[in-house]
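Trainee: I am new to this structure and would like a close look at one part of it, set against the rest. Please take it step by step.

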Amino acid sequence: MFDRFAWSVALRNLRYNLGKTLLMMGVVAVSVTLIIFLGALIGGLQRRLIASVTGAIPHVVVRQPERVPLSVADAAAAPDGPLYAGERIRLERQKRKIEDWPFWLARLQRFGPDVAAVSPVVEGQGFMSRGARRQGVAVVGVIPERHNAVVDIQSKLVTGRFFGLNAGEVALGYKLADEFSLRLGDKVRLVSIEGNAGTYTVAGIFDSGFAAVDGGTLYLTLRDGQTLFGVGTAVTSIGLKLGDIFGADAMARRLALQVPYETRSWMEDNQSLLSGLRAQSQSSNLIVGFTILGAGFGIASMLIMSVMSQLREIGILKAMGANRRQITAVFAVEGMLLSLLGGAAGAVQGSALCLWLAGFRTTASATGRLVETFPVDLGPALILGSIAIAVGIGFLASLYPAWRAARINPIDVIRGA
């Protein structure tokens, strides 16, 4: 892109004016540090907000839809569809079951590369009792190893185990365990709203970080859940975890075209959170944009000063035969080199700052579980993107000073000298 003459003169100028070179690199480095710091911090905050909503639920849920009565006109428009007469029927969740779930489980797992994990679930409401104490709880029957890929429980255990739950064993939240003074090996009695009952042994206690889950949810084996809620060999829903959580709506729509059940994404129930995240992203983009603009003006102004301080040298170069294109290339190379070196320095500083902040921990709950004080989302894309932005801005900022240098009349400069 640039000839040897441009590189040679540009490197000589940068070495000769070392103080000015370091100052210009510092302007770029500070700008890139701010871009990386703000981007990583805002990205980490968004990650934490999303995790606070989606950490305890699947990204997409497949379940039996409600039965909705059709009018005569609706029936005429869809003669092949089912016809339900009377009032809208809201089936209890444990009655909205999927009988052929093994077939759909295999198909959903192979539905596309975005599907990271699939888990069959039997869930419903029940009552847990121990002695004279009784409380309503959410009971979830799962295959622990498979379900953990959708909703992580194993890594959040306070004591005991989640993997390898046996028949007659449960894992429950630490708040629920504290309220009933439960420890590993203690017995609890569960009664479903259908009247089925069973006695279970506490095999694990977890701290998910979600108050509603820790204070009112129990996990047991899939077979125990089917027995407790009387669904036979069926399940009440199938949960999916996606690689891209923001693709949940699109995935739910795609599944709805091929699966004869209702498909619902987490995004449908969290519109206010999504609006807040979009507003936060727009604010972040504005801040980064103004930072980039400031860096561009700083580079441009310093390059203009460099041109004005080198008028005599530029005039001599033109008198010796350098053409406008070569003079323009000299200052374009200077701008790009300054931005590249400053951007690399800023990337190191910004990354080090983010990693330092990420090391801080605070106690998040009564169990003593530690969480990040400053959530940081630092990745190669952010670092390399910031350097690329710096180089691009440096090149654009150098165009006007380069144009000014190329238009200098060597005779006027030499006479003035």
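Trainee: What percentage of the contacts in the protein with a separation of 6 or more comes from residues 24 or more positions apart? After that, please look closely at strand 7.

Mentor: The model is predicted, so local features are given only at pLDDT of at least 70 and side-chain atom pairs only at pLDDT 80 or more, while totals for chains, interfaces and linings use all residues. Residues are numbered from 1 along each chain as its sequence is written, and side-chain values use heavy atoms, with hydrogens and water left out.

To your question: the share is 76% of the contacts in the protein with a separation of 6 or more, where a contact means heavy atoms within 4.5 Å. The protein has 14 helices and 12 strands; these are DSSP runs numbered from the N terminus, with helices being H or I runs of at least four residues and strands E runs of at least two. Of the 417 residues, 44% are buried. Buried stands for under 20% relative accessible area, exposed for over 50%, and partly exposed for what lies in between, using a 1.4 Å probe and protein chains only.

Now to strand 7. Strand 7 covers residues 197-206, and eight of its 10 residues are buried, so the strand is largely enclosed by the rest of the structure. Its pairings can be taken one by one; two strands count as paired if DSSP finds at least two bridges between them. With strand 4 (residues 157-160), strand 7 pairs in the antiparallel sense over three bridges, and Leu 157 faces Phe 206 there. Strand 5 (residues 169-173) runs parallel to strand 7, with five bridges joining them; in this pairing Glu 169 stands opposite Thr 201. Strand 6 (residues 187-192) is antiparallel to strand 7 and is also joined to it by five bridges. Strands 6 and 7 form a hairpin with four residues between them, and Gly 195 in the turn has a positive phi of about 100°.

Within that hairpin, Leu 190 stands opposite Gly 198 of strand 7. Leaving out residues up to four places away in sequence, Leu 190 touches a list of residues that includes Gly 198, Ala 197 and Tyr 200, and also Met 128, Val 139, Val 170 and Leu 220. Leu 190 is also one of the residues with the most contacts inside the largest nonpolar core, together with Met 128, Ile 238 and Leu 240; that core has 50 residues. A nonpolar core is a set of buried Ala, Val, Leu, Ile, Met, Phe, Trp, Tyr and Cys residues joined through side-chain atoms within 4.5 Å. Apart from the largest core lies another of 19 residues, among them Ala 6, Ile 314, Ile 327 and Val 333.

Two of the residues that Leu 190 touches, Met 128 and Val 139, lead to another pairing. Strand 2 (residues 115-130) and strand 3 (residues 133-142) are antiparallel over nine bridges, with Glu 123 opposite Val 140. Their hairpin has two residues between the strands, and Gly 131 there takes a positive phi near 65°. Strand 3 also runs parallel to strand 8 (residues 217-221), to which five bridges join it. In strand 8, Tyr 219 is the bridge partner of Val 140.

For contrast, look at the surface. Leu 286, Phe 290, Leu 293 and Phe 297 make a nonpolar patch of about 480 Å². Patches are built from residues with over 30% relative accessible area and no salt bridge, nonpolar side chains (Val, Leu, Ile, Met, Phe, Trp, Tyr) being joined within 5 Å and like charges within 9 Å. Phe 297 belongs to helix 10 (residues 271-309) and counts as exposed at 57% relative accessibility.

Charged pairs come last. The whole structure holds five salt bridges, each being a side-chain nitrogen of Lys or Arg within 4 Å of a carboxyl oxygen of Asp or Glu. One of them joins Arg 63 and Glu 262 at 3.6 Å, N to O. Arg 63 is in strand 1 (residues 60-63) and Glu 262 in strand 10 (residues 262-265), so this pair ties together parts that are 199 residues apart in sequence. Another links Arg 264 to Glu 268, with the closest N and O atoms 3.2 Å apart. Arg 264 is partly exposed at 26%, and Glu 268 is partly exposed at 32%.

How values were computed:
Areas by Shrake-Rupley, 256 points an atom, 1.4 Å probe, with all protein chains shown as cover.
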